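Here are some friendly notes to read alongside the model. Please keep the structure open as you go, and find each part as it comes up.

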There are 2 protein chains.
Amino acid sequence: MRFPAELQELQPQPGPSPWDARFSDSARCMVPSEVRSLFSAAASPGIVSLAGGMPDVGALPMDTMASILADVVRENGTTALQYGTAQGDPGLRRRICEVMALEGITARPDDVMVTVGSQQALDLVARVLLDPGDTVVAEGPTYVTALGTFAAARARVVQIGMDRAGTVPEELAAEFARLAAEGRPAKLFYTVPTFQNPTGIRLAAGRRQQILDVCRAADVLVVEDNPYGLLHYDGTPSRALCADAPDRVVYLGSFSKTLAPGLRVGWVHAPTELTRKLVLAAESAMLSHSALTQLTVDRYLRTEPWQERLGTFRTRYRDRRDAMLRALTAYMPAGTSWTIPDGGFFIWVTLPDGTDSRELLPRALAAGVAFVPGTAFHADGRGARHARLSFSYPSPADVDEGIRRLASVLGEQP
Amino acid sequence: MRFPAELQELQPQPGPSPWDARFSDSARCMVPSEVRSLFSAAASPGIVSLAGGMPDVGALPMDTMASILADVVRENGTTALQYGTAQGDPGLRRRICEVMALEGITARPDDVMVTVGSQQALDLVARVLLDPGDTVVAEGPTYVTALGTFAAARARVVQIGMDRAGTVPEELAAEFARLAAEGRPAKLFYTVPTFQNPTGIRLAAGRRQQILDVCRAADVLVVEDNPYGLLHYDGTPSRALCADAPDRVVYLGSFSKTLAPGLRVGWVHAPTELTRKLVLAAESAMLSHSALTQLTVDRYLRTEPWQERLGTFRTRYRDRRDAMLRALTAYMPAGTSWTIPDGGFFIWVTLPDGTDSRELLPRALAAGVAFVPGTAFHADGRGARHARLSFSYPSPADVDEGIRRLASVLGEQP
């Protein structure tokens with residue numbers, strides 16, 4: 001297939017394998033992410049991994065989870081083990097509306113589709129809204145696998161920086177104007193507004209309406225990716241962007257961080273017509289989601305004190321964040337700075353001037369600690385002075401030891 | 001985006017909604033299938049549904065399934081409820097190789113990827129191999145949701161008829177030659193060789209190597225979709241196409257018909273380099289599959305007499321097929337004919353000359369029986385004289401009653 005001139009930068013380069021000639025243009029744009037290849041190294045014994053953003057599922061009551069699953073099958077097995085609909089279980093979609101209400105959203109079950117984690121929701125949104133060459137604006141840095149999804153869609157990603165309060169509305173407006181003047185206006189603004197991955201930054205309350213106004217003025221759709229919103233440490237959930245602009249915001253939610261990623265239950269809430277199209281896309285992508293795992297989440301939400309348990313998770317994660325902040329203060333050399341997140345899983349570190357986090361990584365692994373270099377979260381090679389540190393999975397003692405090791409490697413900069 | 005001239009027939013037509021302007025070209029090619037919209041009508045009380053191809057999950061030992069799930073969580077919960085890898089659980093991939101061996105395939109776990117049913121496998125294969133305008137050859141009729149997946153990929157589907165022994169190798173070769181001469185050679189041959197959906201036809205053993213030779217000579221890749229292969233009624237599994245050409249055949253397998261679709265566990269086996277690319281596509285599509293449902297299938301295969309139980313399923317489905325064949329013979333008017341499948345879920349009926357199955361359907365629903373019109377299984381409106389009847393889900397008595405109702409509607413042809 002020939003490319004229009006403006007798509008040259010997205011044209012995949014043929015590689016050396018005979019298979020390359022068979023691959024689609026989209027497939028040629030799929031390349032392994034730095035993060036994924038890192039995860040096998042990070043899983044080696046003796047390594048403290050501050051790399052993966054895994055929730056601490058060990059905090060779940062396993063006997064209870066086992067009973068819920070057994071009850072779902074015993075009481076409702078012929079539904080749980082059968083095909084379902086592409087949109088997802090109606091009962092679970094009603095519960096999801098209740099969950100969304102905690103962040104100020106008034107949702108109808110008809111506008112919700114259950115997905116294989118929120119990653120599938122993002123993928124389906126990209127397939128339904130993006131043509132090759134379309135422009136997506138995202139935060140810089142942003143969630144690494146979103147970059148992969150946009151690359152597979154052969155979209156152009158333009159990233160704009162944030163300050164400590166998140167995206168600056170004026171800068172977003174200026175970027176939209178620049179892109180429109182260039183003749184390639186932004187189609188989507190992809191944002192993780194609350195406890196962002198990878199920075200932990202929470203978009204300030206006062207900026208939320210402004211961001212929506214900017215997007216409305218430029219006629220840009222917003223994709224609000226919000227897996228961490230309920231994992232706030234100060235007792236106050238943020239009001240979702242979707243709450244104030246349900247006609248403009250596509251909201252992605254997930255039970256991977258508040259319950260268990262192994263169930264692979266996430267969702268998308270979108271304007272009715274878009275939801276209908278997403279259901280068709282889901283049908284061709286997988287026919288239907290697992291009825292078993294959907295009914296399991298539904299039963300968990302109906303029968304367990306899940307909001308109380310969320311409080312336990314918050315305390316657990318806050319303790320680990322505190323351990324990381326203490327360790328950073330205690331061990332890091334001068335010239336290092338970091339974000340102080342009030343929720344979520346991540347701290348974003350700015351390393352001393354002259355440090356390249358990609359060069360630091362092999363030495364850090366040799367010293368027994370893994371992290372993700374900041375370049376992984378940019379589409380254009382930026383981020384070399386940064387690192388994402390995740391405190392969600394290791395124990396507070398391991399967090400401390402990991403930061404101590406990282407600091408010692410930084411201290412012996414060549 | 002502009003279309004080359006040869007893609008005109010695939011150019012989506014803008015509809016009346018303001019959302020249409022936002023949808024991608026792919027999304028505009030996604031349209032509701034006749035089958036899906038039928039399923040809600042077919043689920044009404046009092047209707048005997050011969051429409052859906054659902055397995056009879058009621059035949060599963062629910063207490064056993066409940067115990068397996070509970071044991072997986074109690075013994076291995078921190079793995080089962082956590083993120084996994086995009087390629088899928090290594091233990092399950094080893095078991096899948098043992099399952100494939102029953103059809104003559106020598107597989108390595110490295111060349112297997114676990115998917116959300118085989119539908120996701122097909123979708124990912126289409127994304128990784130097809131560009132808009134590429135040509136796929138498929139059987140006519142073929143699996144309806146494969147047509148949806150190829151439409152979303154904006155591929156052109158060319159369907160070729162079968163005789164009672166399946167695809168005729170000489171006709172396939174002639175079609176490949178015609179397409180090459182036209183300058184748009186076939187890229188894939190999509191086939192359900194064993195107990196085909198929707199006809200129940202099994203590709204004759206003597207033709208299998210010939211079909212592979214034809215595809216090799218034309219340098220066309222084969223996608224072998226094989227969810228029904230182990231549901232044979234005569235005691236003999238067919239040798240998979242993949243067994244004799246693993247470098248050319250992409251094999252799609254599923255536990256949806258041999259265990260339970262609600263677990264959503266299928267797989268793809270492909271040449272190593274293609275598998276690697278499929279893993280990248282899966283990562284951007286969903287990060288990872290449910291570890292819980294994968295470990296459940298793995299445990300079922302390890303601890304249960306699953307091959308024996310498969311024998312029970314075969315007997316059950318054969319009894320229902322027999323009930324349908326008896327009823328067709330007893331009730332159907334002259335001029336009706338049908339396939340006699342020796343496995344799988346479906347019988348393909350040719351209606352009396354002059355009958356349009358789409359016009360028949362509303363009258364059949366009014367008489368209390370649902371089926372799928374043959375047009376659903378063609379990309380080009382053919383199939384109006386045909387109907388797919390599924391015997392997998394209703395009891396033998398319901399099968400008999402359903403056919404009696406259908407025949408009575410046919411008898412009062414206007």
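1. Let us begin with a definition: a helix axis here is a line fitted to C-alpha atoms over the stretch in contact, and an angle between two axes runs from 0 to 180 degrees between their N-to-C directions. Two packed helices are described by the angle between their axes and the distance between the axes. Please also bear in mind that this is a predicted model.

2. Now try this on chain B. The axes of helix 13 (residues 357-366) of chain B and helix 14 (residues 396-411) of chain B cross at roughly 125° and come within 10 Å. Because of that angle, helix 13 of chain B counts as oblique to helix 14 of chain B. The crossing of these two helices of chain B is right-handed. On the helix 13 side, the contact is made by B:Leu360, B:Arg363 and B:Ala364, while helix 14 of chain B brings B:Leu406, B:Val409 and B:Leu410. Sorted by class, this contact of helix 13 with helix 14 of chain B has five nonpolar residues, one charged residue and no polar ones.

3. Next, look at helix 5 (residues 117-129) of chain B, beginning with its partner helix 10 (residues 272-286) of chain B. Their axes come within 10 Å and cross at roughly 110°. How do helix 5 of chain B and helix 10 of chain B lie to each other, roughly parallel or roughly perpendicular? Angles from 65 to 115 degrees count as roughly perpendicular, and therefore these two helices of chain B are roughly perpendicular to each other. Residues of helix 5 of chain B in the contact include B:Leu124, B:Val125 and B:Val128, and among those of helix 10 of chain B are B:Leu278, B:Ala281 and B:Ala285. By class, the contact of helix 5 with helix 10 of chain B has 10 nonpolar, one polar and two charged residues.

4. Helix 5 of chain B also meets helix 6 (residues 144-152) of chain B: the two axes come within 10 Å and cross at roughly 30°. Angles under 35 degrees count as roughly parallel, so helix 5 of chain B and helix 6 of chain B are roughly parallel to each other. Their crossing is right-handed. From helix 5 of chain B, the contact uses B:Gln119, B:Leu122, B:Asp123 and B:Ala126; from helix 6 of chain B, it uses B:Thr145, B:Ala146, B:Thr149 and B:Phe150. The class count for helix 5 with helix 6 of chain B is four nonpolar, three polar and one charged.

5. Now step back to both chains. Two copies of a chain are related by a rotation about an axis and a shift along it. Here, a turn of 180° with a shift of 0.0 Å along the axis lays chain B on chain A, with an RMSD of 0.0 Å. That is the relation of a two-fold axis. In chain B, the C-alpha nearest the axis belongs to B:Ala70, at 2.9 Å from it. The same surface serves both copies, as 100% of the contact residues of chain B recur in chain A.

6. One annotation is worth a look. An unreviewed UniProt entry places the feature "domain: Aminotransferase class I/classII large" at residues 62-406 of chain A. That span of chain A is 46% helix and 17% strand, and its end C-alpha atoms lie 34 Å apart.

7. Finally, check the backbone. Most residues other than glycine have a negative phi, and most peptide bonds are trans. A cis peptide bond joins A:Asn197 and A:Pro198, with omega about 20°. A:Pro198 sits in the loop between strand 7 (186-191) and helix 8 (205-217) of chain A. In chain B, the peptide bond from B:Asn197 to B:Pro198 is cis, with omega near 20°. A:Arg154 has a positive phi, near 55°, and is found in the loop between helix 6 (144-152) and strand 4 (156-160) of chain A.

Note on methods. Residues numbered from 1 in each chain as written. Chains lettered and ligands numbered in written order. Predicted model: local features only at pLDDT ≥ 70, side-chain atom pairs only at ≥ 80, totals over all residues. Heavy atoms only, no water. Helix = DSSP H or I, 4+ residues; strand = E, 2+ residues; numbered from the N terminus. Parallel < 35°, antiparallel > 145°, perpendicular 65-115°, else oblique. Left-handed = near helix turned anticlockwise from the far one by under 90°. Contact = heavy atoms within 4.5 Å. Nonpolar A, V, L, I, M, F, W, Y, C, P; charged D, E, K, R; others polar. UniProt positions renumbered as here; feature names shortened; annotations may be inferred. Least-squares fit on C-alpha atoms with pLDDT ≥ 70 in both.
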